[in-house]
Amino acid sequence: MTTPPHTAPEPVEGVRDPDLLEIVEKARGSVAYKATLAFVRASQAKRDAETDARDKLVVLKAEAEAERARLPRNARRRDMVREVIENEPASPENIQHIHSVLALCGLPYREPKGVTNVSREYGRNTLAINAGRLINPSTGEMEMQGLPYGPKARLLLLHLCTEAVRQRSPKVEVAQSMSGFIRDMGFPVTGGERGTLKQFKEQLNRLAACSMQIGLWDGTRASTLNVPPFRQMDVWLPLHNHPDQGLLWSSTITFHREFYDNLIQHALPVDIRAARAFAGSARKLDLLFWVGYRLSRLERPLRLTWDNLYKQFGSENGSIRSFRQEFRKDVAHLTEVFPRLRLTLDDGGMQLLPSDPRDLLVPPKAALANKRARARA
(Lines give C-alpha, C1' and ligand atoms only; values in the text may rest on other atoms or scores of the structure.)
Protein backbone atom coordinates (compact mmCIF):
# COMPACT_ATOMS: atom_id res chain seq x y z
CA MET A 1 0.00 0.00 0.00
CA THR A 2 1.38 3.39 -0.98
CA THR A 3 1.56 6.13 1.68
CA PRO A 4 -0.14 9.27 0.45
CA PRO A 5 2.28 12.17 0.00
CA HIS A 6 2.43 14.66 2.91
CA THR A 7 0.85 17.98 2.01
CA ALA A 8 1.72 21.18 3.78
CA PRO A 9 -1.09 22.86 5.74
CA GLU A 10 -2.94 25.53 3.82
CA PRO A 11 -1.87 29.13 4.52
CA VAL A 12 -3.94 30.88 7.15
CA GLU A 13 -3.99 34.64 7.55
CA GLY A 14 -2.20 35.72 10.74
CA VAL A 15 -0.63 32.28 11.38
CA ARG A 16 2.92 31.26 10.30
CA ASP A 17 4.31 28.68 12.71
CA PRO A 18 4.01 25.11 11.33
CA ASP A 19 2.70 23.60 14.57
CA LEU A 20 -0.07 26.20 14.78
CA LEU A 21 -0.97 25.73 11.11
CA GLU A 22 -1.22 21.98 11.82
CA ILE A 23 -3.76 22.64 14.61
CA VAL A 24 -5.87 24.75 12.26
CA GLU A 25 -5.71 22.09 9.55
CA LYS A 26 -6.92 19.37 11.94
CA ALA A 27 -9.85 21.50 13.02
CA ARG A 28 -10.85 22.47 9.48
CA GLY A 29 -14.47 21.52 8.71
CA SER A 30 -15.36 20.90 12.37
CA VAL A 31 -17.81 22.90 14.47
CA ALA A 32 -14.88 24.10 16.58
CA TYR A 33 -12.98 25.52 13.61
CA LYS A 34 -13.74 29.20 14.24
CA ALA A 35 -12.88 28.94 17.95
CA THR A 36 -9.68 27.04 17.14
CA LEU A 37 -8.71 29.60 14.50
CA ALA A 38 -9.19 32.46 16.98
CA PHE A 39 -7.14 30.64 19.62
CA VAL A 40 -4.31 29.88 17.17
CA ARG A 41 -4.19 33.47 15.90
CA ALA A 42 -3.98 34.73 19.49
CA SER A 43 -1.19 32.22 20.17
CA GLN A 44 0.70 33.39 17.10
CA ALA A 45 0.33 37.02 18.14
CA LYS A 46 1.66 36.22 21.63
CA ARG A 47 4.63 34.36 20.16
CA ASP A 48 5.38 37.25 17.82
CA ALA A 49 5.29 39.72 20.70
CA GLU A 50 7.64 37.57 22.77
CA THR A 51 10.03 37.21 19.83
CA ASP A 52 10.01 40.96 19.26
CA ALA A 53 10.69 41.57 22.95
CA ARG A 54 13.62 39.13 22.92
CA ASP A 55 15.02 40.70 19.77
CA LYS A 56 14.74 44.18 21.27
CA LEU A 57 16.43 42.96 24.46
CA VAL A 58 19.30 41.50 22.45
CA VAL A 59 19.70 44.80 20.59
CA LEU A 60 19.53 46.81 23.82
CA LYS A 61 22.10 44.57 25.50
CA ALA A 62 24.40 44.86 22.49
CA GLU A 63 24.03 48.64 22.51
CA ALA A 64 24.65 48.77 26.28
CA GLU A 65 27.76 46.60 25.93
CA ALA A 66 29.03 48.76 23.09
CA GLU A 67 28.42 51.90 25.14
CA ARG A 68 30.10 50.33 28.19
CA ALA A 69 33.11 49.33 26.08
CA ARG A 70 33.64 53.00 25.23
CA LEU A 71 33.83 53.99 28.91
CA PRO A 72 37.15 54.43 30.73
CA ARG A 73 38.22 51.34 32.69
CA ASN A 74 37.07 52.49 36.15
CA ALA A 75 33.75 53.81 34.84
CA ARG A 76 33.23 50.50 33.02
CA ARG A 77 33.87 48.60 36.24
CA ARG A 78 31.38 50.77 38.17
CA ASP A 79 28.73 50.22 35.52
CA MET A 80 29.23 46.46 35.59
CA VAL A 81 29.09 46.34 39.40
CA ARG A 82 25.91 48.47 39.44
CA GLU A 83 24.21 46.05 37.04
CA VAL A 84 25.23 43.02 39.11
CA ILE A 85 24.07 44.56 42.40
CA GLU A 86 20.74 45.67 40.93
CA ASN A 87 19.98 42.23 39.50
CA GLU A 88 21.47 39.96 42.17
CA PRO A 89 20.62 40.64 45.84
CA ALA A 90 23.54 40.31 48.23
CA SER A 91 24.11 36.74 49.41
CA PRO A 92 26.22 35.63 52.40
CA GLU A 93 29.28 35.02 50.22
CA ASN A 94 29.09 38.65 48.99
CA ILE A 95 29.22 40.09 52.51
CA GLN A 96 32.61 40.81 54.05
CA HIS A 97 33.50 42.62 57.27
CA ILE A 98 35.81 45.29 58.61
CA HIS A 99 36.14 46.79 62.09
CA SER A 100 33.68 49.70 62.23
CA VAL A 101 36.26 52.08 63.78
CA LEU A 102 38.72 51.29 60.97
CA ALA A 103 35.90 51.97 58.51
CA LEU A 104 34.96 55.29 60.13
CA CYS A 105 38.42 56.69 60.90
CA GLY A 106 40.47 55.10 58.15
CA LEU A 107 44.17 54.68 57.38
CA PRO A 108 46.28 57.33 55.60
CA TYR A 109 45.49 57.70 51.91
CA ARG A 110 49.14 58.07 50.86
CA GLU A 111 52.41 57.03 52.44
CA PRO A 112 53.20 59.32 55.39
CA LYS A 113 56.73 60.60 54.90
CA GLY A 114 59.01 61.04 57.89
CA VAL A 115 56.45 60.11 60.56
CA THR A 116 55.87 56.94 62.55
CA ASN A 117 52.40 57.66 63.93
CA VAL A 118 49.10 59.11 62.74
CA SER A 119 45.68 59.57 64.29
CA ARG A 120 42.19 60.03 62.89
CA GLU A 121 38.93 60.62 64.66
CA TYR A 122 35.27 60.61 63.78
CA GLY A 123 32.63 61.63 66.30
CA ARG A 124 33.03 59.36 69.31
CA ASN A 125 35.57 57.08 67.67
CA THR A 126 39.33 57.54 67.47
CA LEU A 127 42.06 55.57 65.73
CA ALA A 128 45.79 56.09 66.38
CA ILE A 129 48.38 54.02 64.50
CA ASN A 130 52.06 53.62 65.38
CA ALA A 131 54.61 52.04 63.06
CA GLY A 132 56.57 49.04 64.35
CA ARG A 133 59.27 46.52 63.53
CA LEU A 134 59.33 43.02 62.04
CA ILE A 135 62.11 40.47 62.02
CA ASN A 136 63.55 39.83 58.57
CA PRO A 137 63.45 36.03 58.08
CA SER A 138 66.45 36.20 55.74
CA THR A 139 68.80 38.12 58.08
CA GLY A 140 67.22 37.61 61.51
CA GLU A 141 67.36 41.37 62.13
CA MET A 142 64.50 43.59 63.30
CA GLU A 143 63.60 46.10 60.62
CA MET A 144 61.41 49.19 60.88
CA GLN A 145 58.25 49.06 58.79
CA GLY A 146 56.34 52.09 57.54
CA LEU A 147 52.75 52.96 58.35
CA PRO A 148 50.05 51.11 56.39
CA TYR A 149 48.31 53.29 53.81
CA GLY A 150 46.30 53.35 50.59
CA PRO A 151 43.65 51.08 49.09
CA LYS A 152 45.65 47.84 49.31
CA ALA A 153 46.03 48.12 53.09
CA ARG A 154 42.27 48.67 53.38
CA LEU A 155 41.50 45.70 51.17
CA LEU A 156 43.86 43.52 53.18
CA LEU A 157 42.16 44.53 56.43
CA LEU A 158 38.78 43.85 54.84
CA HIS A 159 39.93 40.39 53.75
CA LEU A 160 41.63 39.43 57.02
CA CYS A 161 38.81 40.75 59.23
CA THR A 162 36.34 38.86 57.06
CA GLU A 163 38.24 35.60 57.42
CA ALA A 164 38.40 36.05 61.21
CA VAL A 165 34.65 36.71 61.40
CA ARG A 166 33.79 33.81 59.08
CA GLN A 167 36.11 31.32 60.75
CA ARG A 168 35.17 32.63 64.21
CA SER A 169 38.83 32.41 65.11
CA PRO A 170 41.64 34.93 65.67
CA LYS A 171 43.97 32.64 63.72
CA VAL A 172 43.49 33.07 59.97
CA GLU A 173 44.90 30.88 57.23
CA VAL A 174 45.90 33.15 54.35
CA ALA A 175 48.43 31.24 52.25
CA GLN A 176 45.84 29.99 49.76
CA SER A 177 43.24 32.72 49.98
CA MET A 178 45.31 35.86 49.42
CA SER A 179 46.15 35.47 45.73
CA GLY A 180 42.52 34.62 45.00
CA PHE A 181 41.44 37.72 46.91
CA ILE A 182 43.83 39.91 44.90
CA ARG A 183 42.34 38.57 41.67
CA ASP A 184 38.83 39.00 43.04
CA MET A 185 39.56 42.68 43.64
CA GLY A 186 40.44 43.10 39.97
CA PHE A 187 44.23 43.20 40.34
CA PRO A 188 46.53 40.92 38.35
CA VAL A 189 48.67 38.66 40.51
CA THR A 190 52.15 39.63 39.32
CA GLY A 191 55.62 39.22 40.77
CA GLY A 192 58.77 41.27 40.41
CA GLU A 193 59.90 44.57 41.83
CA ARG A 194 56.74 46.43 40.76
CA GLY A 195 54.30 43.51 40.90
CA THR A 196 51.10 43.45 42.92
CA LEU A 197 52.38 40.63 45.13
CA LYS A 198 55.17 42.83 46.47
CA GLN A 199 52.80 45.78 46.94
CA PHE A 200 50.31 43.73 48.94
CA LYS A 201 53.11 42.03 50.92
CA GLU A 202 54.53 45.40 51.90
CA GLN A 203 51.18 46.57 53.23
CA LEU A 204 50.71 43.25 55.03
CA ASN A 205 54.09 43.71 56.76
CA ARG A 206 53.19 47.27 57.75
CA LEU A 207 49.87 46.12 59.19
CA ALA A 208 51.52 43.25 61.05
CA ALA A 209 54.16 45.51 62.59
CA CYS A 210 51.98 48.45 63.62
CA SER A 211 50.10 48.96 66.87
CA MET A 212 46.73 50.65 67.18
CA GLN A 213 44.78 52.55 69.76
CA ILE A 214 41.04 52.32 69.21
CA GLY A 215 39.01 54.78 71.27
CA LEU A 216 35.29 54.15 71.80
CA TRP A 217 32.82 56.38 73.60
CA ASP A 218 29.05 55.84 73.86
CA GLY A 219 28.22 59.13 75.53
CA THR A 220 28.57 57.87 79.10
CA ARG A 221 31.41 55.36 79.02
CA ALA A 222 34.82 55.60 77.32
CA SER A 223 37.21 52.77 76.54
CA THR A 224 40.58 52.66 74.80
CA LEU A 225 41.95 49.50 73.25
CA ASN A 226 45.76 49.48 72.98
CA VAL A 227 46.75 46.54 70.80
CA PRO A 228 48.60 45.56 67.67
CA PRO A 229 45.99 44.10 65.30
CA PHE A 230 48.10 40.94 64.88
CA ARG A 231 49.73 38.95 67.67
CA GLN A 232 51.75 36.67 65.38
CA MET A 233 52.64 36.39 61.70
CA ASP A 234 54.38 33.24 60.48
CA VAL A 235 56.44 33.96 57.36
CA TRP A 236 57.90 31.47 54.92
CA LEU A 237 61.55 31.92 53.85
CA PRO A 238 62.41 32.51 50.18
CA LEU A 239 63.10 29.40 48.13
CA HIS A 240 66.84 28.89 47.71
CA ASN A 241 66.55 28.28 43.99
CA HIS A 242 64.47 31.44 43.54
CA PRO A 243 66.46 34.16 45.35
CA ASP A 244 64.59 36.95 43.56
CA GLN A 245 61.21 35.68 44.68
CA GLY A 246 61.33 37.49 48.04
CA LEU A 247 59.11 36.64 50.99
CA LEU A 248 56.18 34.39 50.29
CA TRP A 249 52.76 34.87 51.82
CA SER A 250 52.33 34.24 55.51
CA SER A 251 50.83 30.83 56.10
CA THR A 252 48.89 32.10 59.12
CA ILE A 253 48.11 35.42 60.75
CA THR A 254 46.86 35.55 64.33
CA PHE A 255 44.89 38.56 65.50
CA HIS A 256 45.54 39.91 68.97
CA ARG A 257 42.78 38.44 71.12
CA GLU A 258 41.49 41.80 72.34
CA PHE A 259 41.39 43.15 68.78
CA TYR A 260 39.60 40.02 67.60
CA ASP A 261 37.00 40.17 70.39
CA ASN A 262 36.40 43.86 69.64
CA LEU A 263 36.13 43.08 65.93
CA ILE A 264 33.41 40.48 66.55
CA GLN A 265 31.44 43.11 68.51
CA HIS A 266 31.96 45.95 66.02
CA ALA A 267 32.21 44.24 62.62
CA LEU A 268 30.76 46.34 59.79
CA PRO A 269 29.32 44.31 56.88
CA VAL A 270 30.42 45.41 53.40
CA ASP A 271 29.16 44.23 50.02
CA ILE A 272 32.40 43.02 48.46
CA ARG A 273 31.00 43.61 44.97
CA ALA A 274 30.84 47.34 45.71
CA ALA A 275 34.37 47.29 47.14
CA ARG A 276 35.59 45.89 43.81
CA ALA A 277 34.28 48.98 42.04
CA PHE A 278 36.49 51.24 44.17
CA ALA A 279 39.47 48.94 44.78
CA GLY A 280 41.90 51.46 43.30
CA SER A 281 40.94 54.44 45.50
CA ALA A 282 41.52 54.69 49.25
CA ARG A 283 39.13 57.60 49.71
CA LYS A 284 36.34 55.99 47.72
CA LEU A 285 36.69 52.85 49.82
CA ASP A 286 36.49 55.00 52.97
CA LEU A 287 33.43 56.76 51.56
CA LEU A 288 31.82 53.42 50.78
CA PHE A 289 32.41 52.13 54.32
CA TRP A 290 31.43 55.40 55.98
CA VAL A 291 28.20 55.99 54.04
CA GLY A 292 27.19 52.38 54.58
CA TYR A 293 27.75 52.70 58.31
CA ARG A 294 25.89 56.02 58.60
CA LEU A 295 22.87 55.05 56.50
CA SER A 296 22.45 51.68 58.18
CA ARG A 297 21.89 53.44 61.51
CA LEU A 298 20.15 56.64 60.39
CA GLU A 299 16.66 57.28 61.74
CA ARG A 300 16.30 60.97 60.80
CA PRO A 301 17.86 63.27 58.16
CA LEU A 302 21.51 64.08 58.82
CA ARG A 303 23.14 67.28 57.63
CA LEU A 304 26.94 67.59 57.36
CA THR A 305 28.75 70.81 56.43
CA TRP A 306 31.68 70.97 54.06
CA ASP A 307 33.89 71.63 57.09
CA ASN A 308 32.65 68.35 58.64
CA LEU A 309 33.34 66.48 55.41
CA TYR A 310 36.77 68.10 55.02
CA LYS A 311 37.81 66.97 58.50
CA GLN A 312 36.63 63.44 57.70
CA PHE A 313 37.92 62.96 54.15
CA GLY A 314 40.11 65.95 53.24
CA SER A 315 43.24 65.28 55.27
CA GLU A 316 45.42 65.17 52.15
CA ASN A 317 43.82 68.00 50.19
CA GLY A 318 45.64 71.30 50.29
CA SER A 319 42.47 73.37 50.47
CA ILE A 320 38.80 72.87 51.10
CA ARG A 321 38.12 74.15 47.56
CA SER A 322 40.15 71.38 45.94
CA PHE A 323 38.61 68.89 48.35
CA ARG A 324 35.08 69.88 47.36
CA GLN A 325 35.87 69.33 43.68
CA GLU A 326 37.36 65.90 44.27
CA PHE A 327 34.74 64.84 46.79
CA ARG A 328 31.89 65.66 44.39
CA LYS A 329 33.48 63.28 41.89
CA ASP A 330 33.82 60.57 44.53
CA VAL A 331 30.16 60.89 45.54
CA ALA A 332 29.10 60.88 41.88
CA HIS A 333 30.98 57.61 41.38
CA LEU A 334 29.35 56.14 44.49
CA THR A 335 25.87 57.02 43.24
CA GLU A 336 26.68 55.52 39.84
CA VAL A 337 26.89 52.15 41.60
CA PHE A 338 23.99 52.89 43.98
CA PRO A 339 21.58 55.16 42.03
CA ARG A 340 18.86 54.86 44.71
CA LEU A 341 21.18 56.09 47.44
CA ARG A 342 19.49 58.92 49.37
CA LEU A 343 22.52 61.17 49.48
CA THR A 344 22.82 64.68 48.05
CA LEU A 345 25.49 67.39 47.90
CA ASP A 346 24.84 71.13 47.67
CA ASP A 347 26.61 74.39 48.47
CA GLY A 348 26.09 73.78 52.20
CA GLY A 349 27.46 70.25 52.31
CA MET A 350 25.87 66.77 52.35
CA GLN A 351 22.46 65.50 53.37
CA LEU A 352 21.78 61.86 54.21
CA LEU A 353 18.22 60.56 54.46
CA PRO A 354 16.95 57.36 56.12
CA SER A 355 16.82 54.65 53.49
CA ASP A 356 15.01 51.44 52.75
CA PRO A 357 17.24 48.49 53.74
CA ARG A 358 17.23 47.29 50.12
CA ASP A 359 18.95 50.52 49.06
CA LEU A 360 21.66 50.42 51.71
CA LEU A 361 25.27 49.53 51.15
CA VAL A 362 25.23 47.37 54.29
CA PRO A 363 22.27 45.77 56.08
CA PRO A 364 21.06 47.62 59.18
CA LYS A 365 21.25 46.08 62.62
CA ALA A 366 18.32 43.78 63.31
CA ALA A 367 16.81 45.94 66.07
CA LEU A 368 16.83 49.05 63.91
CA ALA A 369 15.48 47.15 60.91
CA ASN A 370 12.59 45.82 63.02
CA LYS A 371 11.88 49.32 64.31
CA ARG A 372 11.70 50.67 60.77
CA ALA A 373 9.43 47.83 59.72
CA ARG A 374 7.03 48.57 62.59
CA ALA A 375 7.05 52.27 61.69
CA ARG A 376 6.07 51.48 58.09
CA ALA A 377 3.33 49.02 59.14
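Here are three short exercises on a predicted model, each with a worked solution.

**Exercise 1. Work out which residues of helix α12 are buried and where on the helix they lie.**

Step 1: Find the helix. α12 covers residues 320-337, and its 18 residues reach 26 Å from the first C-alpha to the last, close to the expected 26 Å.

Step 2: Pick out residues under 20% relative accessible area, the cut-off for buried. In α12 these are F323, F327, D330, V331, H333, L334 and V337.

Step 3: Look down the axis. The buried residues of α12 fall within an arc of 155°, so they line one face of the helix.

Step 4: See what they pack against. Among the partners are α3 (73-87), α10 (282-297) and β13 (343-346).

**Exercise 2. Now try α3: which residues are buried, and which exposed ones does the opposite face carry?**

Step 1: The buried residues in α3 are A75, R78, V81 and I85.

Step 2: These residues cover an arc of only 125° around the axis, which puts them on the same side of α3.

Step 3: Turn to the face pointing away from that buried side, and you meet exposed R73 and N87.

Step 4: Return to the buried residues of α3; their cover includes β11 (267-271), α9, α10 and α12.

**Exercise 3. Trace the strand order of the open four-stranded sheet and name its edge strands.**

Step 1: The order reads β2-β3-β7-β8, with antiparallel pairing.

Step 2: β2 (117-122) and β8 (222-227) each have a single partner strand, so they stand at the edges.

Step 3: Inside the sheet, six bridges join β3 to β7. One residue to locate is I129, whose bridge partner in β7 is M212.

Definitions and conventions. Residues numbered from 1 in each chain as written. Predicted model: local features only at pLDDT ≥ 70, side-chain atom pairs only at ≥ 80, totals over all residues. Heavy atoms only, no water. Helix = DSSP H or I, 4+ residues; strand = E, 2+ residues; numbered from the N terminus. Expected span 1.5 Å × (residues − 1). Buried < 20%, exposed > 50% of the residue type's maximum accessible area, 1.4 Å probe, protein only. Arc of directions from axis to C-beta. Contact = heavy atoms within 4.5 Å. Pairing = 2+ DSSP bridges.
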